[in-house]
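Please go through the model below from its overall make-up to its single residues.

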Amino acid sequence: MLKAGDKIPEFRYDTPYSPQNSFYALAAQKPLCMVFLPNFGHPITRYFVARYAQDYAQLRDVALVCVVRSRPEVISAHLPEGSLPFTLICDAEGVLYDYFCIPTTKSRLKAYSVLTVKILNEAKKQGYQPPKDEELFCPLTLMVGPEGKVLFCHYGQTLTDLPENCSAIRNFSRSVLTQARQEGLLAPEVPRFRGQGKLSALENPELPPEKQQHIREAMSLLYGEGEAKEEEFEEEEEE
């Protein structure tokens, strides 16, 4: 089973619309939050995929990847490209599930939570019938950095033991990324300009200190005290 500090080897993955993509190339763009789910037609998967799609705009510092046990052509036949704002990895054979030792059980008593029962009962009203002796895969949630560095790992105890939405992913990822930078697993955060077109944060290491101070003074004359503006922006960002 994976743990923080492990390294996932490079592998190629298929999406419903693109075969043989590089995992390391994907992880190099942004840290990844990877969520392993059942097949795409399963009510649990549909429930969480829909929730992630609804508030995906909440994610800024990490990218979401959902892994499902379905064939690419099955999904692409019913879901047009661009329908989801995040990457969907198809692993019908369960190669990643086996490699990462994701636990399975046939005991519904162990795998079901209150939310699980609620989701499945609603699906049954729509005609869903769970297979007899169904093998249940509990979810795995990973945070992965460049070159497959595992920054966070959680093996779910029930079918719904995973981040409830992208807001939840954003919240827990902040502390994970901060700790990873402190431990040297991630490069230091690149300072960014804040404000609505105002250069209110100018911690740019490429600028000489005297030039930074000159710009701060100019912005202070135009927009008032920079620190007050920065705090106001942070409050708006949190909302």
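**From the core outward**

Leaving aside neighbours within four places in sequence, Met 34 is in contact with Phe 23, Val 65, Val 67, Ile 89, Leu 140, Thr 141, Leu 142 and Val 144. This is a predicted model, and Met 34 is a convenient place to enter it. The largest nonpolar core has 54 residues, and Met 34 is among those that touch the most other members, together with Phe 36, Tyr 52, Leu 64 and Phe 100.

The wider setting comes next. The protein chain holds 9 helices and 9 strands, and 41% of its 239 residues count as buried. Taking contacts between residues at least 6 apart in sequence, 66% join residues at least 24 apart. About 13,900 Å² of the chain is exposed, with carbon and sulfur atoms supplying 52% of that area.

Two of the residues that Met 34 contacts, Val 65 and Val 67, lead to strand S4. Strand S4 covers residues 63–68, and 6 of its 6 residues are buried. In a regular strand the side chains alternate between the two faces of the sheet. In S4 both faces are covered: Ala 63, Val 65 and Val 67 are buried on one side, and Leu 64, Cys 66 and Val 68 are buried on the other. S4 pairs with S3 in the parallel sense, over 5 bridges. Within this pairing, Val 35 stands opposite Cys 66 of S4.

Helix H2 packs against this pair of strands: its buried residues meet S3 (32–36) and S4 (63–68), as well as helix H6 (114–125) and helix H7 (166–182). Those buried residues are Pro 43, Ile 44, Thr 45, Phe 48, Val 49 and Tyr 52. An α-helix has 3.6 residues a turn, so residues three or four places apart point the same way. How does the length of H2 compare with what its residues should span? At 1.5 Å a residue, the 12 residues of H2 (residues 43–54) should span 16 Å, and the 17 Å between its end C-alpha atoms agrees with this.

Two residues of H2 reappear around Thr 160, which sits in the loop between S9 and H7. Not counting residues up to four places away in sequence, Thr 160 touches Ile 44, Phe 48, Ser 113, Leu 115, Thr 116 and Ile 119. With Ser 113 there is also a polar contact, side chain to side chain, at 2.5 Å. Is Thr 160 buried or exposed? Thr 160 has a relative accessible area of 11%, so it counts as buried, the cut-off being under 20%.

Helix H7 offers a second polar residue under cover. Arg 170 is found in this helix, and its relative accessible area of 16% makes it buried. The side chain of Arg 170 makes a polar contact with the side chain of Gln 58, at 2.6 Å.

The contacts of Met 34 also include Leu 140, Thr 141, Leu 142 and Val 144, and strand S8 spans residues 140–144. S8 runs antiparallel to S9 (residues 150–155), and 5 bridges join the two. One bridge partner is Tyr 155 in S9, which faces Leu 140. The two strands form a hairpin with 5 residues between them. In that turn lies Glu 147, with a positive phi of about 55° although it is not a glycine. Glu 147 is partly exposed, at a relative accessible area of 44%.

Cys 101 is another residue with a positive phi of about 55° that is not a glycine. Its place is the loop between helix H4 (95–99) and strand S6 (104–105). Cys 101 is partly exposed, with a relative accessible area of 40%.

The last stop is helix H1 (residues 23–29), where Gln 29 is found. Phe 23, a contact of Met 34, falls within the residue range of H1. Gln 29 has 63% relative accessibility and therefore counts as exposed. Although 34 residues separate Gln 29 from Ala 63 along the chain, their C-alpha atoms are 8.6 Å apart. Ala 25 also lies in H1, and at 42% relative accessibility it counts as partly exposed. Ala 25 and Arg 12 are 13 residues apart in sequence, with 10.0 Å between their C-alpha atoms.

Terms used. Residues numbered from 1 in each chain as written. Predicted model: local features only at pLDDT ≥ 70, side-chain atom pairs only at ≥ 80, totals over all residues. Heavy atoms only, no water. Helix = DSSP H or I, 4+ residues; strand = E, 2+ residues; numbered from the N terminus. Buried < 20%, exposed > 50% of the residue type's maximum accessible area, 1.4 Å probe, protein only. Contact = heavy atoms within 4.5 Å. Areas by Shrake-Rupley, 256 points an atom, 1.4 Å probe, with all protein chains shown as cover. Expected span 1.5 Å × (residues − 1). Pairing = 2+ DSSP bridges. Core = buried A, V, L, I, M, F, W, Y, C linked by side-chain atoms within 4.5 Å. Polar contact = N/O pair within 3.5 Å; in protein donor to acceptor, adjacent residues only side chain to side chain.
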